[in-house]
Structure formats: structure tokens, C-alpha cells
Amino acid sequence: MACFALLSCGKQSAPVSLGWEFGRCDDGERSRSVAYLTINNLSRHALEADWTIYTCMEGMSPVAEVPEDAEVWEYQIQGSYHSIKPTANYQPIPAGESRTYTIRYRGSAIRENIHPEGSFIVFDKDDKPISIDITCQPYTRREQMMRGELAEYPFTYADGEYVFQYNQAKVEGAKRDNLLQIFPQPKSVTMGTDECDIEKAARIMRLGAKLPAEGYSITFTADTVFIDAADEAGAYYANLTLEQIPSPTQIAQIVDFPDFHHRGVMLDIVRNYYPLDSMLRIIDVMAQNKLNVLHFHLSDDEAWRVEMPSLPELTAKASRRGYTHDEKDFLLPMYCGGWNPDDKNSTANGYYTTADFIRLLQYAKERHIRVIPEIDMPSHMRACKKALRPLLSDSLMDTRSYYGAQEYTDNVIAVTNPYALTFIETLVKDFKAMYEEAGCEFTIFNIGGDEVPEGSLTKEEHQQFINGVLAILQRYNLQPMGWEEITQFCQPESKAICYSWHNGEEKPLEMANAGYPVVLATANHLYFDFAYCYHHEEKGLSWGGYTDEWASFDWLPLEHPNIIGLNAQMWAEEYRCFAQVEWQIFPKIFGLAERAWNSRSALTLPEYTDLVYQYAMPRLHAEGHNFHVQMPGIHVENGQVMMNKVMTEGQIFYTLDDETWNEYTAPFALPEGTATIKAYVRYLDHESTKVWWWNPMAN
């Protein structure tokens, strides 16, 4: 799953390298952490105080108060972009020597992927960036892996004992023999006595069946397969089902239809960019599992990712990130991108041309998937604001002080500037033209509307802007859509579709009762960018919980006439290549597919687990996708070591000394003096994260 992005630094060798080691969370104060930064002087000269190191770190910010005795300190520039500079106390580092400094942060690096990235050094004399290597030490101590008593989110660490019990709950229980190897499961399957050879049987397709939209029925006789579909989508889904039924079959009839007609996945290509072919691969898996909405997050503070023919500046300037003082030609570095705005191998840089976007629209349409573009506004607009200055800013608003959710201080456009609404209408026109050229309907426009920082706009300014946007959408016959915050400025009469992302049922029920069409985007079930569990080697965020393949399945979505669907979110702040995106989405997507089609699915947890690991995962493997594998559990009782896994196939490997790895085949006696056991699963040529077990009797 690892991804490596190497940035060229030309012929100039790096004069320094960095080391970074996380110390502990909650270091004496809630949500404060400590880390150790080592600067290695690789040059033949002393490292004087004439340099600045730039780096990016997502999720943590250095504390603002610089200790009196600090020699170097880290400062936040914007978002995840930081600088490290000498202080007045700095003592030059002699040639060939190293020095380690303590840095304190707001936030907790409870996972190894939270560390500095994309580092480079700039010397005052020439102001030219030079890429530098940084070595981040793996976590080896419990204090690094576990939150302290002051933890803001007191989740249980996924050690061997925890995972053992978790795995048991997913596999123990009765399982039916007649489940079809299909996600989602059909609503009704009637078995017969006659066999039908599907491959040889004639097929008769009839449209207009009296079934819910997207529904279908399949009737099998000895020599014919009759398909009755409500519409073209139903016919498409019927054929998908037929492809997955082994032949011959004794099924007499299948009747099937979805409970929700919005079954979506949101993909973020802004924070980190992924090429078109990668998106098409996701669309393929979505279609196989009867998901029908691709919510495409195309702009944000960190980039603009789709070419707009009327506004070429957006991609010319805002699709690239690199070392800059004024952001005149490209944006500041964020996440892992480094200094080079022309590095095409970096996920910092790139965009979809109009031809790319049209191709994606057509590809999705062929698979009965609607593409809904999202341009988040009036916040989360730093990229377009920098690309089109001064058209989206003004002197008054630029003096306002605010602090956004992702730690930006300049990401809200000047909504009182007359050009703001002209800009939005220009975007709508360009999108409409691309949809028309693709032969696709353009009926919904997602305006985001979330996380507008306090102090950036007055309520009246905000309301007037949204009123203007709604008027534009109405002129173009577009239904507005956005995150749940838009209910503050869009009345139910606007028919704005609201994504409810808060955990629990209170917020979606409130919106549904008010008359809004609601899509459930519940964070602790459907935020696929969340880490699989609280484990130091798992990537992802966790502000709203953790999500794995069971989190997306093991819940009952709220039922209400105004709740129209489910939508998973795949935000991209943490993921540096598409293989990591697939690792996060697969196999979580199968729980989404099942619940979006069958709100009250009859599958038990053990049945669902079997379908995921005996059917769905092998299919992903055959098609060349990356995916996550659940860890093994480790349980020690009466001196006996037991391990478990959720899949029938696969092997467990373990080590007692960090050197020799053995295959686990049966319980064994815990050798005297063993302090730690580590284990992982190897399944379909993929390896799980390593689980740790600590001996409570060891020192």
C-alpha cells in the first residue's frame, strides 16, 4: 500500500537531512504533544542561522508560545504548511554533526502517518529551495501509540486482545447456505426445482415493469431468462445480477429494487490529485455494487481541479502548489507536495481537462451513475480566490480576522464584491456546456456551504450571497445541494438537498421534518477517510470516530419520507497515492452498497463478513485493486496464545522477538519472558496492519 513521491532537487545536493520522532500525546496538558526534531548537517561547513526549513504536517500545529530557551522553532504559515527557523538562541551546527530539538504541538500524532512531509530548505542568500530527506521513526513505545488520560477522544487502542474480541463478534453466529454471492443482496429470491443454464438460455428483456424505479425481476425457466425492468437502470442492474449468479442455477425468480435512490460516494481530488483512470476504476466498482451517484469534490482551499473554459486562470494557477512568496503563479505547498509546482508525479499538481471531465461523465452515464460536481462556497475558496485576485476579494474583507476549520485565515471570498455572483454563474454555464457535450443531464449543483469561519461574514452578507446563488441555480433549472449547514441560509422551499454528516439521528430528523430532502452522510459510518481503527499504523482521521467494513454495514439508517439516500465521503488530506485511496474505500464500500439498497438488510454480521472476504475481496483482487485486510486478534489465557482472523482463507504470521516470523496454525504456550507478540494476516497477496500484544506481567 505504500506510496513514495520523490521530488527532484536538481544537481544540488541537500546540505541537511531531518529526523523526526514523536514523543507522547497529552504531554502534561490536554491536546498537547511533544516531538523531537533532529537536524543533520551533511555539508562541509557549519550550519549558520541563515536558513528556513519548510515542511507540511496535517492535523497538528506548533504551539504559538516559543519557549525562552528554544534554539529553533516551528511556525504555522497557512493550513498544513509550516516553517522551521532558528531563534536568537540558535548555535550553529558544526559540519557533519547533528542536533535534536524539542517541538511542542497542539493536537495528537496518534498515528505514524501524522508527521512532517515534503520538506525543503531555503538559504537567505539565494532564496532557492532544496529538497531534503526526512526520516520519521516508527512507533515502538506504548506511550507513542496510546492517548493519555487527558485524551479528548478516549477510544480503545486496537491491541491484540481488543482485535481478538472484535473479530469473534464478526464471525460467530448462524449463516444461511443459500446466500447469493452478490452485493447488494436481492430483495427476494425464490428457489425452484428445475435448473437453468444461464449461459445457454435465451434472454428476453422487457421494460416498463410495475416496480419501483431501478427495480427489476428475473424469472428463470429451463431454457429462458425473462427480465422485467422498471427502466433502463433496472435492466442494467438485472444484467449485473445475472453476471454474478453461478450457472446452472435452481433459482426460479428474483425480485429486486433499491430502498434509496441516492446511493453515492464523494471523492475528493483537491487535497491530493488522482488521475482520470483512477476515478474510472472507482466508477467500475461502484457500478458493480449498484451505487449510482458520484459526488465529485473539485475545488477547495488547496487547489482547483477541473478546467473551466471561461476561466483558464483557475487551473493555470490553482492546480499547482510549490515554493512561493506571493502565490501569483501557483499556491503554497500543502500536505506532501514539496516545493516544485511542475512535478507531475506529485499529488499536489494536476487537473482534469474539459475532455477528461466529459469522458468521465460519459463513462459514468454508461454505468447509470450520475456525477454531481461540488464547488464549496463561500468558504473553502482559497484556491480560486488566489487564482482570480482581486476579483474575489476586497480591501474590507481582507482586513477581517478569522480562523477556518482547516486552519486557514484567508479562505472566504468577498461575497459583497459584485463579481462573486458573476463568478458562480460563469462556473454554472461552463459545467452546463460540458454536461451537454457529454450527453448527460445536469440537474444538481452542490454548493457545499460548510465551515464558514466566524468573523468572516456577517449573517446578512452570507444570506444575500446564498440568495443570489439560489437565483442563479433556479435560472438554470438546477437543484441546490450542500452540507447540512446550508439549512441556515436555504429555506425548505429551495428544495436544497442536505447532506447530514453529524453522528446520530437528531440532525437528519430535524432537517427531514422541516421538509428538506436529506442524504445520510453520517460520519461514524460513512466517512471512509477515517482510520479503520485506533491503531498507530492505520492512516486516516478520527475526529468523528473510526470506520471499517462493519461500520458502514452495522447500523440501521433512519427512515423518513424525506430521507432520499446514503453517501460515503472519501476526503483526501491523508492519502498520497491512489493505492492508499483504494485501501480506505475497499472493503468499506460493500457495507454502503448493502445498506443503501437494503436499508433493513437481512444479512447477519457473520453472513456479511463471509460475503466480503469469500466473494467481494477475491473479485477486487482479480481486478487488480488494492484493499485493506482486517488484522488478526491475539488472546492469551492460562499461558496459551490463541489468534483469530475473520476470513476463512489467509495465513496468520507472528513474531516473539521482532526477528523470526512463524505461521500460526494452533494455540501454543507463551514462552517465558515474552514481552510482546506481533502478528499480521496475509490474504490474497495483501498484508494486514501488524497488531501488538503486550505481556502485562513483563517489565
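The following paragraphs describe a buried histidine and its surroundings, two nonpolar cores and a set of paired strands in a predicted model.

Residues are numbered from 1 along each chain as its sequence is written, and side-chain values use heavy atoms, with hydrogens and water left out. Because the model is predicted, local features need pLDDT of at least 70 and side-chain atom pairs count only at pLDDT 80 or more, while totals for chains, interfaces and linings use all residues.

His-295 is located in strand β17, which spans residues 293–299; strands (E, at least two residues) and helices (H or I, at least four residues) are DSSP runs numbered from the N terminus. With a relative accessibility of 0%, His-295 is classed as buried (under 20% relative accessible area, with exposed being over 50% and partly exposed in between; 1.4 Å probe, protein chains only). The side chain of His-295 forms a polar contact of 3.5 Å with that of Asn-446. Such a contact is a pair of N or O atoms within 3.5 Å; within protein, one must be able to donate a hydrogen and the other to accept it, and residues adjacent in sequence count only if both atoms are side-chain atoms. Beyond four places in sequence, the residues touched by His-295 (heavy atoms within 4.5 Å) include Glu-374, Trp-483, Tyr-499 and Asn-567.

Asn-567 is also the bridge partner, in β23, of Gly-264. Strands β16 (residues 262–268) and β23 run parallel and are joined by 6 bridges; two strands pair if DSSP finds at least two bridges between them. Strand β22 (residues 518–520) likewise pairs with β23 in the parallel sense, over 3 bridges, and Leu-520 is opposite Leu-566 of β23. Of the 8 residues of β23 (residues 563–570), 7 are buried, so this strand is largely enclosed by the rest of the structure.

The largest nonpolar core (buried Ala, Val, Leu, Ile, Met, Phe, Trp, Tyr and Cys residues joined through side-chain atoms within 4.5 Å) contains 135 residues, of which Phe-423 and Phe-431 touch the most other members. Helix α8 (residues 419–438) supplies the largest share of this core, 10 residues. A second, separate core comprises 38 residues, among them Ile-39 and Phe-123.

An open sheet of 5 strands follows the order β4-β7-β2-β1-β10 with mixed pairing. Strands β4 (61–62) and β10 (134–136) form its edges and have a single partner strand each, so one side of each lacks a neighbour in the sheet. Strand β1 (residues 16–24) runs parallel to β10, with 3 bridges between them; Leu-18 has Ile-134 as its bridge partner in β10.
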